[in-house]
Amino acid sequence: PFATFTVLVAVGIEASGLLHASYVFQLIVAKLAGKEIESNEPPRSGVQNALFWGRVLFSSAFLVFAFVVTLVALFDGKTT
């Protein structure tokens, strides 16, 4: 039961797009290394590309928001 719950939560988080900010780092590192990212998937269509970058933007905004909230709490001494 716990393993099923863990897998379902992980699938839900991935489907939500919350982890897509990591793809930005992957693309940057690959570009800096001068390597192409190999994939078994076909190239994304225009709609898929728009959805992908929308998720990346949402994920990055959420990441920045969480970082700002953490810093404000730390500097205001609102930690336990």
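A charge is said to sit over a ring if NZ of Lys or CZ of Arg is within 6 Å of the ring centre and within 35 degrees of the ring normal. Keep that in mind for one of the stops below. One thing before you click around: this is a predicted model.

**Stop 1: R44 and F52**

Select R44 and F52 and show their side chains. The charged end of R44 sits over the ring of F52, and you'll find it 4.0 Å from the ring's centre.

**Stop 2: Y23 joins F52**

Leave F52 on and add Y23. How far apart are the ring centres of Y23 and F52? They are 5.6 Å apart, and with the planes at 50 degrees the pair is tilted. Now colour the helices: Y23 belongs to α2 (residues 21–33), while F52 belongs to α3 (residues 46–75). The two parts are 29 residues apart in sequence, so this pair ties them together.

Switch on a surface and check these two again. Is F52 buried or exposed? F52 counts as buried, with 10% relative accessibility, because the cut-off for buried is under 20%. Y23 comes out as partly exposed, at 29%.

Next, add W53 to the selection. Y23, F52 and W53 make up one aromatic cluster.

**Stop 3: F58 and F62**

Slide along α3 and pick F58 and F62. Here's another tilted aromatic pair, 6.4 Å from centre to centre, with 35 degrees between the planes. F58 and F62 are 4 residues apart in helix α3, so about one helical turn separates them. On the surface view, F58 is partly exposed at 44% relative accessible area, and F62 is partly exposed at 44% too.

If you'd like to hunt for others, a search of the whole structure turns up 4 aromatic pairs.

**Stop 4: the nonpolar patch**

Keep F58 and F62 selected and add F2, F5, V9, I13, L18 and L19. Together these residues form a nonpolar patch on the surface, with about 770 Å² of accessible area. Which elements give two or more residues to the patch? They are α1 (2–16) and α3. The biggest giver is α1, with 4 residues.

Finish by zooming in on L18, one of the patch residues. Where does L18 lie? Look in the loop between α1 and α2. L18 counts as partly exposed, at 31% relative accessibility, which means it just makes the patch's requirement of over 30%.

Methods: Residues are numbered from 1 along each chain as its sequence is written. This is a predicted model: local features need pLDDT of at least 70, side-chain atom pairs count only at pLDDT 80 or more; totals for chains, interfaces and linings use all residues. Side-chain values use heavy atoms; hydrogens and water are left out. Rings of Phe, Tyr and Trp (its six-membered ring) pair if their centres lie within 6.5 Å; planes under 30 degrees apart count as stacked, over 60 as edge-to-face and the rest as tilted. Buried means under 20% relative accessible area, exposed over 50%, partly exposed in between (1.4 Å probe, protein chains only). Patches are made of residues with over 30% relative accessible area and no salt bridge: like charges are joined within 9 Å, nonpolar side chains (Val, Leu, Ile, Met, Phe, Trp, Tyr) within 5 Å. Accessible areas come from the Shrake-Rupley method with a 1.4 Å probe; for residues, only the protein chains shown count as cover. A salt bridge is a side-chain nitrogen of Lys or Arg within 4 Å of a carboxyl oxygen of Asp or Glu.
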